Amino acid sequence: MGKRYTFYLSLFFLMGVVLYTKRHVFIKNRTESKDIIIKDSKQQALGIFYDGSDSSYVTMPAIAHYSLQWMNTDQDTVENNRLIDSLSHHETAFLSIETWAGYNESNQQVNVLEDVINGAYDDKIRKLCDGLSRVQDKALLSFNPDMEVPVKKYPWQYQSPVEYIKAFRHFSGLVKKLLPRIKIVWSPAGYPGADEYWPGDTFADLISVSLLGESERACNNYPLANNTTTLIRRKIHRMRMIYKPIIVLGSEKIPSNAKNRAFFEIAAKTIGDDWHSIQSLKKEAAPQVSGLKNTDRGMLIGVYDPRKLLINEKAVSVEHLFADWGAIEDGTLERQIDSINSRGRSMIITVEPWRGKRWPSSRDVLKDMVKGVYDPIIETTYRIISRAKHPVFLRFAHEMEIPTMRYPWQSQDPVTYIKAYRYFMRFGAHLKNIRRVWGPAGDRGSLEWWPGDDVVDYTSIAIYGLPDKNITDPRLQESFSTIFKRKSYRMRLVDKPLFITEFGVKGSESFQNNWLKDAAFTIRKSNIIAGVCYFNQADNPKVWGKIPAPDWGISETTFENFVEALSN
């Protein structure tokens, strides 16, 4: 175990860390004007997980936790002094600072994150640090927890990740300047998408995640894990791109008793073993928040065009193919590759591991792949791909992170997906014309499925104007730039060029032209996009139920207008 982890292990073993993060219902017309101190012990720490490279973890007994709610911008010195006095009576204590909303002169709720960024709480922070200077060696300090859960129990939830990060950095930067020895804890719930709110290595010393707190129980966007061990594993796994010790908190639903501490031990050991088996996930230097890798290659323009309406356009340099097991078995993929070879183009091949005769669809496709069940069809796939005369951008089991079951590889365990992706890609290691593409949709929590830097050459996302299938009015579609900003931001912790392998818009030709004009401007302005590929086809009607499937098809004129805007 490294010196850094030995230090943390000794520190937390002696402290016996237990954290409590008070959950509140955010009531808009809250009228309290004074700061409030709350002491509670409902959420206790089950343990701390250090590093998957050596599977180091430890379970913990309880310590005191205090939550300080700042209700307005007037310092309440009486409450502040009471808090410091309480902390001084404990060997170790955890203090959670919560900036609750105040009101302006028009009695409108103010934005608490903007207030923090603009310094409205600086006086409070300084006076708090002045008091904490006497106890900073025995205190852990957290700021505005559960920020990523898409509910409104706190006034800082449902806010921009960028704004939250600015506020956290402002708070942490000032505290660390005044109290250099205090430990700062970044406290998401560990919900999908938490990494979007990561403030950076410099501003947080530890992470805490919570198990079924009130915020998480109020949100049903993602299915809950079917047992405590799986829940803990998933939350630890979601933090693996950040490389900090992870404190796992219980709740009133999952208390810190011997049974649940045993679940923590099982989960920590399992995730450590998983990471051992995936070479590229070995933790090394902590990454900073940064952009994706710039690309000095020319822009690749592609189409998925089964109706063959755009493939003769001169600007097209890449053609997209979707190949399930059936298309590989019956020779369809081979014929398609030969056809594209005749046009002298590169290709994107999205391999969909389902719908074969010998290998039919299976919910266990990822597990079976790692067991070698699909080795013959994988070998056939690569034999056919080797016929390509130009680069092949190979994408496997795409959109894996969307919490649906459109494809059998969706809504699966992310570690199983990672192992299957790596297993599939290793078959083509000898082929020089393959570019490996990791292809999430770019939805919340995508990085939970990141397979590792050594098996990815490009990251891809999908951008379609409709944010929800229940929206039938084309005018309500989001712009390309809005979607791109959100989805590319989610990829910021990986360092690969971006290939937008699917994008499309429905509606009248004039609407499509305007939408694609915005797309061209955004693509041209970006320094991380290596290529784009238009989806010139209607979606699968079986997925849309009673609602007509959107047709993303565009005319030759509209496509040419897009290419011209892109080149200008």
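In what follows, two residues are in contact when heavy atoms of theirs lie within 4.5 Å. The structure described here is a predicted model.

The protein chain as a whole provides the setting. It contains 17 helices and 17 strands. Of its 568 residues, 58% count as buried. The accessible surface of the protein chain comes to about 23,300 Å², and carbon and sulfur atoms account for 49% of that surface. The contacts also show how the chain is connected: among those between residues at least 6 apart in sequence, 78% join residues at least 24 apart.

The interior may be considered next. The largest nonpolar core has 150 residues, and Trp186 and Ile349 are those with the most contacts inside it. The element that gives the most to this core is helix H13, spanning residues 414-426, with eight residues. Ile349 illustrates how such a residue is surrounded. With neighbours within four places in sequence left aside, Ile349 is in contact with Leu321, Ala323, Leu333, Ile337, Ile385, Val392, Phe393, Leu394 and Arg395. A second core, separate from the largest one, has 11 residues, including Leu140, Leu206, Ile247 and Leu249.

Two individual residues show what burial looks like in particular elements. Ile378 has its place in helix H12, which covers residues 375-385. Its relative accessibility is 0%, so Ile378 counts as buried, the limit for that term being under 20%. Apart from neighbours within four places in sequence, the residues in contact with Ile378 are Trp325, Met369, Tyr423, Phe424 and Phe427. A further relation links Ile378 to Met425: these residues are 47 residues apart along the chain, while their C-alpha atoms are separated by 9.5 Å.

Thr459 belongs to a strand, E15, formed by residues 458-464. With a relative accessible area of 0%, Thr459 is buried. When residues up to four places away in sequence are not counted, Thr459 touches Trp438, Trp450, Met491, Val494, Lys496, Pro497, Leu498 and Phe499.

The packing of helices can be followed through two pairs. In one pair, helix H14 (residues 480-490) packs with helix H15 (residues 509-525) at an angle of about 40 degrees, and their axes are 8 Å apart. That angle makes H14 oblique to H15, because angles under 35 degrees would count as roughly parallel and those from 65 to 115 as roughly perpendicular. On the H14 side, the contact is made by Phe480, Ser481 and Phe484, and on the H15 side by Trp515, Asp518, Ala519, Thr522 and Ile523. By residue class, this contact of H14 with H15 divides into five nonpolar, two polar and one charged.

The other pair consists of H7 and H13, which pack at an angle of about 60 degrees with their axes 10 Å apart. H7 and H13 are therefore oblique to each other. Arg233, Arg234 and His237 of H7 make the contact with Pro414, Val415 and Ile418 of H13. The residues of this contact divide into three nonpolar, one polar and two charged.

Several loops also deserve attention. Tyr243 is in the loop between helix H7 (228-238) and strand E9 (246-249). Although Tyr243 is not a glycine, it has a positive phi of about 65 degrees. Its relative accessible area is 18%, so Tyr243 is buried. Ser411, which lies in the loop between strand E13 (392-396) and H13, is likewise not a glycine and has a positive phi of about 55 degrees. What is the exposure of Ser411: buried or partly exposed? Ser411 is partly exposed, since its relative accessible area is 30% and the term buried requires a value under 20%.

Asp205 has its place in the loop between strand E7 (183-186) and strand E8 (206-210). At 11% relative accessibility, Asp205 counts as buried. The C-alpha atoms of Asp205 and Lys244 are separated by 6.9 Å, while these residues are 39 residues apart along the chain.

Methods: Residues numbered from 1 in each chain as written. Predicted model: local features only at pLDDT ≥ 70, side-chain atom pairs only at ≥ 80, totals over all residues. Heavy atoms only, no water. Axes fitted to C-alpha atoms, helices over the stretch in contact; angles between N-to-C directions. Helix = DSSP H or I, 4+ residues; strand = E, 2+ residues; numbered from the N terminus. Parallel < 35°, antiparallel > 145°, perpendicular 65-115°, else oblique. Nonpolar A, V, L, I, M, F, W, Y, C, P; charged D, E, K, R; others polar. Buried < 20%, exposed > 50% of the residue type's maximum accessible area, 1.4 Å probe, protein only. Areas by Shrake-Rupley, 256 points an atom, 1.4 Å probe, with all protein chains shown as cover. Core = buried A, V, L, I, M, F, W, Y, C linked by side-chain atoms within 4.5 Å.
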